Amino acid sequence: MAGFIAYRLLYVLPISIGVSLICFALTYMAPGDPASSIIPDDASPEVAAQIRAAYGFDRPLPIQYLLWLWRVLSGDFGVSLSTGRPVTDEVIPAMMNTLSLAGGGALLAAFVGITLGTLAAYRNGRLSDRAISAVGIAGMSVPQYWLAMVMVAIFAVELGVLPASGMGQPGDDFGRTLSFYVLPILTLATVPAGIIARSVRSTVSETLQQEFVQALEAKGLPAWRIFLHVAKNAAGPALAVIGLQFANLLGGSILVETVFSWPGTGFLLNAAIFMRDLPVMQATVLLLAMFFIVANLLVDILQMLFDPRVKSARRG
Amino acid sequence: MTLAATLAAQESAQESAQESEQAPAPAVAPPPLVQVENLRVRIKTPDVDVTLLHGLNFSLNQGEVLCLVGESGSGKSITVRSLLRLLPPGAIVEGSIIVDGIDILALKPAQLRAVRGPLIAIAFQEPATSFDPAFTIGYQIAETVRAHEQVSWADATRRAQDLLELVQVPSAKRRLDAYPHELSGGLRQRAMIALALSCRPKLLIADEPTTALDATVQIQVLLLLRELQRELGMATVFVTHDVGVACEIADQVAVMYSGRFVEMGPIERIIDAPRHPYTAGLLGSVVTPDVPGARLEPIPGAPPDPTALPPGCSFEPRCRVARPACAQAMPAFTQIAPLHQVRCVLAASGAAMGDIEK
């Protein structure tokens, strides 16, 4: 088991290096000289060269990459070009805001998706199964920005029961703070809930058709014990989907964060792109990618815990 | 009481049942452990409507082995699964199945659960897919014990270890923590038998338990099963398509074709003097070491589609000695000797199959 985890961690290393290379290359993929956004238009060539030297843009690319990587590893992402504050001060709070939103959305989506999917599988082919499948497809297909605006129109504008945007004030009580989460989390959870419900339904109904389920019935086990067996078998594939959806929520919330003015990474990234604020873009993309990698690692480890065959298959 | 006597009494099954109700059964004739009468199974779903079993009668005493022999699709598995009511959705079961005085078809779900395991247990054909891959062997045996008896996990696990030792799994204690995929096919089937024995069933059903195994492992498992069956005094219904396997283990053989018994009797009689052409055909397609170089004679054709059975004898289209009358009506299952029943018009003439073909 420890060996398996160490083995998976080894995989993470080359992926992380690849991701860092791409983030570093962002600077050069953007049109124009990376320094041109800092150098005033009317600066003399001497001043421009001075500025380039100060940022290290005059050195060979591999050296620039290693220097940049070293700074990143020691937690220094540079200074935001638009605000002049250290990038970490911008990105870390945004990251926390996004994480809490994505975490809440993933939990809600997983809970709703697993419950509906399992119910549908057990009611295979009956009316309730078809109703759940229809709801699932509707959930998967609804455009997030549209849903976000409809929710705001209903709950914030018409009924006035929930705040429409932002995170509230620092001094708000717990209930008030929580109320700001409701609409963004509901919006975020809808699509992944539909996807998870459909995938859980097919996994569970596949498991129910396996021979060992009949063997469990032949042993005279009560239904809830048989469900434990089914659940453990279906857990691996279901977790893989849930993990992927969580990772998607981390990065894919730009629209939702923009509609709800939620100060998270999506909101920040959106702003950084418009301001051509490269250090902020680099840091945000790098951190999101790292979260993606860690989420996948955790899913792999959890899958191994549920299905002993994964361990032997991946080692061999 | 021998099975032979049971079979002889079967014609008047109703009578004997009444007898045993009215007066305490005489010491010479206790009621059989298993009594199946006019068992019919029909699968009816929106897509299919097919009758798979057309009225089976058999009984089995404690400690005896009945082998169901026949080709794939003859209804062997459906027959034994009916004993546990382990049938696909849409199955309609008619007739009566009495095991140890319990009317299986009348049981409510909770009562049925209580019967599965302690009274009737089954060892499946494919141990590879019949164990849950996500739990250890020890857990799956112990969980079965705990479903039926008030024992702790520790005691149930100890019982699991004893059972694995009973079925001769080497280093049983270590295997408790093994997952099914970590065992070889032979060991998995032994573990499957241990699981079936975990609640000391009175009736063991073995649904082709050796079919998925190598020939050498097959005979080991077969010998083990026979030994256990004798040691524990279980009644056993053994399903196989292999007459050679039946010879090893059976007291009594019932040959099935298209959802009916076509011949039933003690194993020696069936082997030495088969009276149904299908039985003779099955025996002719087995390799025998006594006659080296003998030609195998396969039965021509394939079993009929259960949704479109021929009007007369189901075997008539493939039968080498068929008469015009055979295509008219299904022959009755007639007793030709005190313990020997055959469903063939030619059997009444008294000639053994070999003679007719000559």
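**Exercise 1. Find which strands of chain B pair with β7(B), and in what sense.**

Let's start with one neighbour: in this predicted model, strand β6 (residues 120-123) of chain B lies parallel to β7(B), and the pairing has 4 bridges. To place this pairing on the structure, look for B:I122, which stands opposite B:I205 in β7(B).

Now turn to another partner. Strand β8 (residues 235-240) of chain B also pairs with β7(B) in the parallel sense, over 5 bridges. Here B:L204 is the residue to look for, standing opposite B:T236 in β8(B).

**Exercise 2. Decide whether strand β7 of chain B is enclosed or open, and check each face.**

Step one is to count. Strand β7 covers residues 203-207 of chain B, and 5 of the 5 residues are buried, so the strand is largely enclosed by the rest of the structure. The cut-off behind that count is a relative accessible area under 20%.

Step two is to split the strand by side. B:L203, B:I205 and B:D207 lie on one face, B:L204 and B:A206 lie on the other, and all of them are buried. Both faces of β7(B) are therefore covered, in keeping with a strand whose 5 residues are all buried.

**Exercise 3. Describe the surroundings of strand β10 of chain B.**

Begin with burial: strand β10 (residues 260-266) of chain B has 7 of its 7 residues buried, and is mostly covered.

Next, trace the pairing with strand β9 (residues 252-257) of chain B. β9(B) and β10(B) run antiparallel and are joined by 6 bridges. A handy landmark is B:A254, which stands opposite B:M264 in β10(B).

Then look at the turn. The hairpin of β9(B) and β10(B) has 2 residues between the strands, and B:S258 takes a positive phi near 50 degrees there.

Finally, add the other pairing: strand β12 (residues 340-342) of chain B runs antiparallel to β10(B), with 2 bridges joining them. In β12(B), B:V342 is the bridge partner of B:E263.

**Exercise 4. Work out where chain B can be read with confidence.**

Take the chain average as your starting point: the mean pLDDT of chain B is 84, and 86% of the residues score at least 70.

Now go to the extremes. Confidence is highest in helix α6 (residues 137-148) of chain B, at 94, and lowest in helix α1 (residues 3-10) of chain B, at a mean of 42. Over residues 1-21 of chain B the pLDDT is below 50, and this stretch has 32 contacts in the model beyond near neighbours in sequence. Where pLDDT is low, the predicted coordinates should not be read in detail.

**Exercise 5. Profile chain A, then locate its nonpolar surface patch.**

First, the secondary structure: chain A has 13 helices and 0 strands. Of its 316 residues, 43% count as buried. Among contacts in chain A between residues at least 6 apart in sequence, 72% join residues at least 24 apart.

Second, the surface. Chain A has an accessible surface of about 16200 Å², and 70% of this belongs to carbon and sulfur atoms.

Third, the patch itself: A:Y145, A:W146, A:M149 and A:L255 make a nonpolar surface patch of about 450 Å². Helix α6 (residues 144-158) of chain A gives the largest share of the patch, 3 residues.

Last, pick out A:W146, which is found in helix α6 of chain A. With a relative accessible area of 47%, A:W146 is partly exposed.

Definitions and conventions: Residues are numbered from 1 along each chain as its sequence is written. Chains are lettered from A and ligands numbered from 1 in the order in which they are written. This is a predicted model: local features need pLDDT of at least 70, side-chain atom pairs count only at pLDDT 80 or more; totals for chains, interfaces and linings use all residues. Side-chain values use heavy atoms; hydrogens and water are left out. Patches are made of residues with over 30% relative accessible area and no salt bridge: like charges are joined within 9 Å, nonpolar side chains (Val, Leu, Ile, Met, Phe, Trp, Tyr) within 5 Å. Accessible areas come from the Shrake-Rupley method with a 1.4 Å probe; for residues, only the protein chains shown count as cover. A salt bridge is a side-chain nitrogen of Lys or Arg within 4 Å of a carboxyl oxygen of Asp or Glu. Buried means under 20% relative accessible area, exposed over 50%, partly exposed in between (1.4 Å probe, protein chains only). pLDDT is the predictor's confidence in each residue, from 0 to 100. Contact means heavy atoms within 4.5 Å. Two strands pair if DSSP finds at least two bridges between them.
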